[in-house]
Amino acid sequence: MTNRRAEIEARLLAVRQEIAQAVVDSGRDRADVTLIVVTKTKPASDLHLLADLGVTEVGENRDQEAREKHGECTDLALRWNFIGQLQTNKCPSVVSYADRIHSVDRVKLVNALSRAVIARREADGASSVPDLECLVQVNLDPMAAAVGSPGHRGGVQPAEVRVIGDAIARADGLRLGGLMAVAPLGEDPRPAFERLREVSDGIADEHPSATIISAGMSGDFVAAIKAGATHVRMGAAVLGHRPTVR
Ligand SMILES: *Cc1c(COP(=O)(O)O)cnc(C)c1O
C-alpha cells in the first residue's frame, strides 16, 4: 500500500500526457478537456491521494458508496460527478454531495432532482445551494432497449434529447450543462462519438451554455477527444482494474 501513491502518480502522468497529445492532434486547447477520475469501488484513501496529485473532479456511480466516501473526503476540494443510473428515491441523497449529474434520461428524474434541490434550499438557505448542473445521457446504440424497460442501460435516443434538455433548463434549481454518453460496446466508437457531437451542436442553438460533452473512458478517450469531448471519465487507466465489471 505504501507504493499506491507512486502507482497512481505514474498512471496519472501517463493519462495526462495522452490527453494532451490527443488535444494537440485534434487542434484543440488543453483547457477544453477536463479529466474526471472515476473512483467507483476504490477506497476513500485513493481520493485523498488523487486530490494531493492535483485531481479536481471525481466520478461515482452508486449513491450509497458515493455518499459514504464523500463523508470521508469533506476536507478535499473535489467536485463530485454522479455518472450512474439514478432512481428518483435516491435524489435527495445524491443532491447532498453531487456537483454534477451526468445521467439524466427521463422527465420524472428531472422533476425529482429539482424537488430535491428546492428542499435543500428550504433547509439550508437558498444562497448556499447553487443550481445543480445536469447532463442529458444519450444512448448511442440505435438498437438499445427503451428507457424503463428491462435491459436498458441508460440514456435517451438522440431524437429525445431536446425534450429532456428543455425540461432541465426549465426546472427550478437545475442547470443544463450538456450531454453525456457511453460508446456502444464492441464496435468502433468513432461514429458514435461523432453522432454525439452532432446532437450537441443541435442543442447549442437553443441552449448556448450547454457546452459539456462528457464522453470517453479508459479504452476510448482518445477517439472521444478527437470528436469533441470536453470531459473524459477515466477509471481503470488511473486507478487500475476494478474487481468486478460494473
Ligand atoms: C465505470 C465508468 C467509467 C470509467 O470506466 P473505465 O473503463 O474504468 O475508464 C466511465 N463512465 C461510466 C458511466 C462508468 O460507469
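Charge in this predicted model is carried by 30 positive and 33 negative side chains, and the centres of the two sets lie 3 Å apart. In this count Lys and Arg are positive and Asp and Glu negative, with His and the chain ends not counted; each charge is placed at NZ of Lys, CZ of Arg, CG of Asp or CD of Glu. Because the model is predicted, local features need pLDDT of at least 70 and side-chain atom pairs count only at pLDDT 80 or more, while totals for chains, interfaces and linings use all residues. Residues are numbered from 1 along each chain as its sequence is written, and side-chain values use heavy atoms, with hydrogens and water left out.

Turning to the overall fold, the protein contains nine helices and eight strands (DSSP runs numbered from the N terminus, with helices being H or I of at least four residues and strands E of at least two). The C-alpha trace spans about 45 × 45 × 35 Å along its principal axes. The radius of gyration is 17 Å, which agrees with the value near 18 Å for a compact globule of 246 residues; it is taken over C-alpha atoms, and the globule rule is 2.2 Å times the number of residues to the power 0.38. Of contacts (heavy atoms within 4.5 Å) between residues at least 6 apart in sequence, 60% join residues at least 24 apart.

The surface exposes about 11700 Å², with carbon and sulfur atoms supplying 51% of it (Shrake-Rupley method, 1.4 Å probe; for residues, only the protein chains shown count as cover). Buried residues make up 50% of the 246, where buried means under 20% relative accessible area, exposed over 50% and partly exposed in between (1.4 Å probe, protein chains only).

What, then, fills the interior? The largest nonpolar core has 45 residues, of which I101, L113, I168 and L174 touch the most other members. Such a core is a set of buried Ala, Val, Leu, Ile, Met, Phe, Trp, Tyr and Cys residues joined through side-chain atoms within 4.5 Å. Elements giving two or more residues to this core include β4 (100-104), α5 (107-124) and α6 (161-170), and α5 gives the most, with six residues. Apart from this core lies another, of 25 residues, among them L47, V55, V58 and L78.

Helix α5 also holds V110, which is buried at a relative accessible area of 1%. Beyond its neighbours within four places in sequence, V110 is in contact with V104, I164, A167, I168, A171 and L174.
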